[in-house]
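Q: Could you take a close look at one part of this model for me? I'd like to hear about one spot in detail, and then how the surroundings look.

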Amino acid sequence: MAKEGFFLSILYPDARLFRVTAITKEFLEQHGLRGLILDVDNTLTTHNNPQVDEQVLEWLSRRSADGIAMIILSNNSPERVQPFAEALKLPFVANALKPRRTGYEQAIRRLGLPPGQIAAVGDQIFTDIAGGNRCGLYTILVEPFDTNENAFIRLKRAAQRRVLRRYERRRAREKQV
Ligand SMILES: [Mg+2]
């Protein structure tokens with residue numbers, strides 16, 4: 001475990017779920033979470049899609065009714081993120097430069113919660129998960145909506161799969177102990 005050290009563990013999510021819709025009230029209570037920092041592309045919807053599907057809409061309104069504070073944090077442009085966030089009535093930070101801390105720090109301040117009560121949710125370990133871990137947030141990796149992606153993202157996905165294989169082996173070892 002020590003051999004893997006800091007560099008890989010910063011990429012490891014605290015939880016892996018299929019979709020945001022799997023983030024239930026019970027799951028959040030169990031982990032003492034009261035706020036969510038949400039990625040947009042391939043987390044809430046497909047890349048650059050201005051719409052979200054019914055299940056995600058329903059999930060957003062349920063978590064909001066549960067009193068969960070939510071904010072969007074995206075590396076995409078304000079032109080993409082603002083209309084999307086406004087349609088969902090969520091605050092947002094665009095051009096977030098994840099995995100840098102600055103965007104997360106803004107989002108954390110606006111949620112008004114301690115980092116230990118916030119989960120960062122996203123589909124990419126090198127941005128969403130690394131940034132969340134750096135800021136002491138609980139991190140949740142979801143499966144990407146869309147696998148029809150450009151060459152650069154496909155390369156990142158291949159690297160992500162390699163890291164996640166090691167992560168799953170480590171979790172399997174930890175379960176045996
Ligand atoms: Mg994404």
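The spot I have in mind is asparagine 95: is it buried or exposed, and what is its phi?

A: Let's start right there, keeping in mind that this is a predicted model. Asparagine 95 has a relative accessible area of 46%, so it counts as partly exposed. Its backbone deserves a glance too: phi is positive, about 45 degrees, even though the residue is not a glycine. As for its place, asparagine 95 sits in the loop between E4 and H5.

That loop has another backbone feature to look at. Proline 99 is also found between strand E4 (92-93) and helix H5 (101-111), and the peptide bond joining lysine 98 to proline 99 is cis, with omega at about 10 degrees.

If you want a companion for asparagine 95, try asparagine 48. Here phi is near 60 degrees, again a positive value in a residue other than glycine. Asparagine 48 belongs to the loop between E2 and helix H3 (54-65), and its relative accessibility of 44% makes it partly exposed.

From E2 we can step over to its neighbour in the sheet. Strand E2 (residues 35-38) runs parallel to E3, and four bridges join the two. One of the pairings puts glycine 35 opposite alanine 69 of E3. Strand E3 (residues 69-73) has four of its five residues buried, so the rest of the structure largely encloses it.

Now for the charged side chains, starting with arginine 16. This residue makes a salt bridge to glutamate 143, where the closest N and O atoms are 3.5 Å apart. The two partners come from distant parts of the chain, 127 residues apart: arginine 16 is in strand E1, while glutamate 143 is in the loop between strand E6 (138-142) and H7. Arginine 16 also meets glutamate 168 in a salt bridge, at 2.6 Å from N to O. That pair likewise spans distant parts of the chain, with glutamate 168 in helix H7 and arginine 16 in strand E1, 152 residues apart. As for exposure, arginine 16 is partly exposed at 31% relative accessible area, glutamate 143 is partly exposed at 31%, and glutamate 168 is partly exposed at 35%.

Helix H7 has a shorter-range pair as well. Glutamate 174 and arginine 170 both lie in this helix, four residues apart, or about one turn. Their side chains form a salt bridge with an N to O distance of 3.4 Å. The two ends differ in cover: arginine 170 is buried at 15% relative accessible area, whereas glutamate 174 is partly exposed at 41%. Back with the earlier trio, salt bridges with shared partners tie Arg16, Glu143 and Glu168 into one network. The full count for the model is nine salt bridges.

While we're on H7, have a look at its arginines. Arg161, Arg162, Arg165, Arg169 and Arg173 form a positive surface patch, and arginine 162 is found in helix H7 (residues 151-176).

One last stop is tyrosine 12, in the loop between helix H1 (5-9) and strand E1 (15-17). With a relative accessibility of 6%, tyrosine 12 counts as buried. Its C-alpha atom is separated by 9.5 Å from that of arginine 166, although the two residues are 154 apart along the chain.

Definitions and conventions
Residues are numbered from 1 along each chain as its sequence is written. This is a predicted model: local features need pLDDT of at least 70, side-chain atom pairs count only at pLDDT 80 or more; totals for chains, interfaces and linings use all residues. Side-chain values use heavy atoms; hydrogens and water are left out. Patches are made of residues with over 30% relative accessible area and no salt bridge: like charges are joined within 9 Å, nonpolar side chains (Val, Leu, Ile, Met, Phe, Trp, Tyr) within 5 Å. Accessible areas come from the Shrake-Rupley method with a 1.4 Å probe; for residues, only the protein chains shown count as cover. A salt bridge is a side-chain nitrogen of Lys or Arg within 4 Å of a carboxyl oxygen of Asp or Glu. Lys and Arg count as positive and Asp and Glu as negative; His and the chain ends are not counted. The place of a charge is taken as NZ of Lys, CZ of Arg, CG of Asp or CD of Glu. Buried means under 20% relative accessible area, exposed over 50%, partly exposed in between (1.4 Å probe, protein chains only). Two strands pair if DSSP finds at least two bridges between them.
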